[in-house]
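Grab a coffee and work through these three exercises with the structure open beside you. Each task comes with a solution in steps.

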Amino acid sequence: MRIEDLNTKYMGKELEYHETINSTNIRAKEWAKQGAKEGSLVIAEYQSAGKGRLGRTWLSPKGEGIWMSLILKPFLEISKIPQITLVAGLCMSQAIQKVTGLKTEIKWPNDIVVNNKKIAGILTELSASTNSINSVVVGIGVNVNNQVLDTSIPYATSLALEGNKVYEREEIIKEFLNLFEVNYEQYIKEKSIVFLLADYKERCVNLNKEVIILNNQQEYIGYVQNINDEGSLEVRKLDNTIETIFTGEVSVRGLYGYV
Ligand code: BT5
């Protein structure tokens, strides 16, 4: 895979390409430690140990998707890092829609959805020492040309299955990098996602819906009444108390299925 005519200043300009790798996130973290510049990108055709959040597995069949990790070196408070997932999710959702014409939605915090099924996920990982950030790796997996998906993930789909077409992965990556560079820079400058929150909310499938919140300790039903200026989910529980959920710590499901 080659990314030609990339118009960004630095996003994706340094590129490491692997036929096979355990996980692009693992390699990106290692490369960041070895001094990779901001915007450096690791792409693989196949991941033998692709990672989801909370120790889950991300299936990454050969040549069928985009399995990539972007290295960032932001000057930000550590508490703000999960917001980068929202910035990346919005940009990838917009990039996919622009290239494929398919309507994409976002399932807070990190899934991209087409026709209520998952086509992409994001895993943001932080390397920090005491109180300062060394690097942030944004790993993104997109099912692009898969004709079949593993039966263990019945709520997953691919762009090819939804659009009945084979797509150029490079076009989606390029569009994403262009959009992400602009939005990431604005985010770093303003230290806030407020400028993109309206667009994010418009695409969000679980806003104004009843959901099931799952975390280690508990599982409960609630109504998603807002995504606040910090990007956290505000959930009204059945007893009318409000729970504010920070990105990354839970899974959110629809009452009757994945969305
Ligand atoms: C995610 O986690 O959705 C984050 C996925 C990030 C993957 C990228 S690929 C490049 C980079 N390198 C890595 O090693 N990872 C990143 P989570 O929300 O925890 O969802 C994981 C769940 O999604 C799994 O438990 C499965 O149920 C489902 N799943 C696994 N593979 C999938 C796939 N290819 N398409 C759709 N769903 C999948």
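Before you start, here is the sorting rule for side chains: Ala, Val, Leu, Ile, Met, Phe, Trp, Tyr, Cys and Pro count as nonpolar, Asp, Glu, Lys and Arg as charged, and the others, Gly among them, as polar. Keep in mind that this is a predicted model.

**Exercise 1.** Describe the largest pocket and sort the residues of its lining.

*Solution.* Start with the volume, which is about 600 Å³. Next, look at the walls: 40 residues line this pocket, and Gly52, Thr57, Trp58, Lys118 and Gly121 lie nearest its centre. Now apply the sorting rule, and the lining splits into 17 nonpolar, 15 polar and eight charged residues. Finally, ask which elements contribute: α1 (24-33), β3, β6 (117-129), β7 (132-143) and β12 (251-254) each supply at least two lining residues.

**Exercise 2.** Trace the open sheet of seven strands and find its edges.

*Solution.* Read the order across the sheet: β1-β2-β3-β7-β6-β5-β4, with mixed pairing. β1 (15-21) and β4 (105-107) each have a single partner strand, so one side of each lacks a neighbour in the sheet. From one strand to the next, the twist averages 20°. Then zoom in on β2 (residues 41-47) and β3 (residues 65-72), an antiparallel pair with four bridges. Here isoleucine 43 has methionine 68 of β3 as its bridge partner.

**Exercise 3.** Find the largest nonpolar core and the helix that gives the most to it.

*Solution.* This core holds 60 residues, and Ile84, Met92, Trp108, Leu159, Phe176 and Phe180 have the most contacts inside it. Helix α2 (residues 82-100) gives the most, with nine residues. Another core, of nine residues, lies apart from it and includes Ile21, Trp31, Ile71 and Val137.

Conventions: Residues numbered from 1 in each chain as written. Predicted model: local features only at pLDDT ≥ 70, side-chain atom pairs only at ≥ 80, totals over all residues. Heavy atoms only, no water. Core = buried A, V, L, I, M, F, W, Y, C linked by side-chain atoms within 4.5 Å. Buried < 20%, exposed > 50% of the residue type's maximum accessible area, 1.4 Å probe, protein only. Pairing = 2+ DSSP bridges. Axes fitted to C-alpha atoms, helices over the stretch in contact; angles between N-to-C directions. 1 Å grid on protein atoms, 1.4 Å probe; cavity = no way out; pocket = protein on both sides within 12 Å on 5 of 7 lines; lining within 4 Å. Points joined across faces, edges and corners; volume = space filled by probe spheres on them.
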